[in-house]
Amino acid sequence: MTELTQDSLAQEPLAQESMAQESMAQESAQVRDDEQPDHQVLIVGAGFGGMGAGIAFKRLGIDDIAILERCDDLGGTWHVNHYPGLAVDIASVTYSYSFEPNPNWSRLFAPGAELKRYAEHVADKYDLKRHMEFDTAVTAAHWDDEQRLWRVTTAGGETRTARYLVTATGFLSQPHTPDFPGIDTFAGRILHTTAWEDGYDFAGRRVAVIGTGATAVQLIPEIASRADELTVFQRTPIWVVPKVDFPIPPPVRTLFRRFPLTQRAARVVNTSMLEMLMVVGVLHFRQAKLGNKAAALLARAHLRVQVRDRATRRKLTPEYDFGCKRPTFSNSYFASFNRPSVRLQTSPIVRVEPDGIVCADGTKAEIDTLVLATGFNLWDVNFPAFEIVGREDRNLGQWWRESRFQAYEGITMPRFPNMLSLNSPYSYSGLSYFTTIEGQMRHIARLFGEVRRRGADTFEVTDAANTEFLDDMTHKLESSVFYDGNCSGSRSYYFNQHGEATLLRPTATLRTLREMNSFPLDAYTYR
Ligand code: NAP
């Protein structure tokens, strides 16, 4: 089964890691004429990705690590997001590091605050906190090929140097605030879901929520139960399937604590089910259309059971195939639209006025609170999240946009020596983000094991390996729902500005993990 094999594979890098410890730690002490970097490793981002990379380097014996974080605390998305209703949408037994199971989750789908606490726990246990520097936004990184190091600048005007650069800046980390005409004139309160005002009282309020993505699906039932009036502005409906969620009873938590194998078994079962959904429903759409159609049928039946009004049901039904856009789970989202105080508006927004929102159908929703559940900008301002210039002055953002979005095994790019980009094209497994991170931790262990074995200090992926990987991804995606299904009109962030679905890695989890453990070492050059 997926997860047991996954865990057993994890032992191999551990062996390499201990072998690598000594020489990597001594690298900075080597007597050379050249400039010694401030840090061996500089990681940008203190979320689960950055922490996973930190753990991977510590296992290699590298302790000279700086983790720079633009926020004032660790946890990434789970620090930034704290809107009401926030919870994981992948069951917690799967949405956690496999090597650090948490027997204390209160529910099958843990609330956001527990993820934040889990991040704190991991940072403490793996001694990561002392490496972290908060309120330190990185603005640029330039490769110095002569000194073989990265020069990293921060918003404070400081420059740091590091032998190795890891970007772990997240996929969904640049909030998107649409520029609706007149939004500056709005006289009430505007709340973006990534800048939530804790304790904001919706009682007696007339509220608008713009957006119906996974965030809105969690938030809308919370607001609907408190506000006097709620108007939901939907541009594109989302597929929603039932959420089988329940509190984890204390005896089960005790069982997980005393006999960790039981929690592992639960992880295997849950991960395998998700894998089926992803592989069958999305990646192998051409070969297994029925699986995809069954998922859509389940979501339609869920809507049918939950929403009484036929016209509302019609508006809430997507016209694109299941999986084009990330589907979500909820038992209370659809039912919110049965409340007399909740209205679904699908006419396009024309402008915002001081006291309301005017739509193309001529109606105006009078409101005093505007909630922007408008998501994130992935492709324009992320990828990368700051300027990165590699060898031969290759600018990563420019190169990605002018050629194609690409990254070897979703982690390295040619002309960017000694750099690992955790949030790259084709890096995201599409399941639990932890699957992505753990695959990348294996890649780091294998790659740095080879760097050490060769007595090198610089690596760079070859053009040939990168091109071969890109061709393979492009070919595999042909039978996915993204190209073989009907995704027009889905407005999915899986697609970049060129219309290519370059976010998800179209391989099964087990295969991804295997490849991360066994990629050909000559995919890289070493100096
Ligand atoms: P999202 O999926 O990008 O949704 C943004 C919403 O805002 C969409 O409905 C979008 O409509 C709408 N929107 C954006 N600009 C608009 C405009 N100018 N006019 C009208 N509507 C506009 O963002 P999200 O809901 O924050 O979710 C992002 C991802 O975060 C999810 O897919 C999921 O991976 C993750 N997430 C996870 C959890 C969890 O695990 N607990 C919770 C929340 C989010 P269009 O669809 O028409 O563009």
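This passage describes one helix pair and one small group of paired strands in a predicted model. Residues are numbered from 1 along each chain as its sequence is written, and side-chain values use heavy atoms, with hydrogens and water left out. Because the model is predicted, local features need pLDDT of at least 70 and side-chain atom pairs count only at pLDDT 80 or more, whereas totals for chains, interfaces and linings use all residues.

Helix α3, residues 48-59, packs against helix α5, residues 112-125, at an angle of about 20°, and their axes are 11 Å apart (axes are lines fitted to C-alpha atoms, for helices over the stretch in contact, and angles run from 0 to 180 degrees between N-to-C directions). That angle makes α3 roughly parallel to α5, a term that applies to angles under 35 degrees. The contact (heavy atoms within 4.5 Å) is made by F48, M51 and I55 of α3 together with L115, Y118, A119, V122 and A123 of α5. By class, this contact of α3 with α5 has 8 nonpolar residues, no polar residues and no charged residues, where Ala, Val, Leu, Ile, Met, Phe, Trp, Tyr, Cys and Pro count as nonpolar, Asp, Glu, Lys and Arg as charged, and the others, Gly among them, as polar.

Further along the chain, an open sheet of 3 strands follows the order β13-β14-β15 with antiparallel pairing (strands are DSSP runs of E, at least two residues, and helices are runs of H or I, at least four, numbered from the N terminus; two strands pair if DSSP finds at least two bridges between them). The edge strands, β13 (349-353) and β15 (364-366), each pair on one side only, and the twist averages 20° from one strand to the next. Between β13 and β14, the latter spanning residues 356-359, the antiparallel pairing extends over 4 bridges, and R351 stands opposite V358 in β14.

Conventions:
Parallel < 35°, antiparallel > 145°, perpendicular 65-115°, else oblique.
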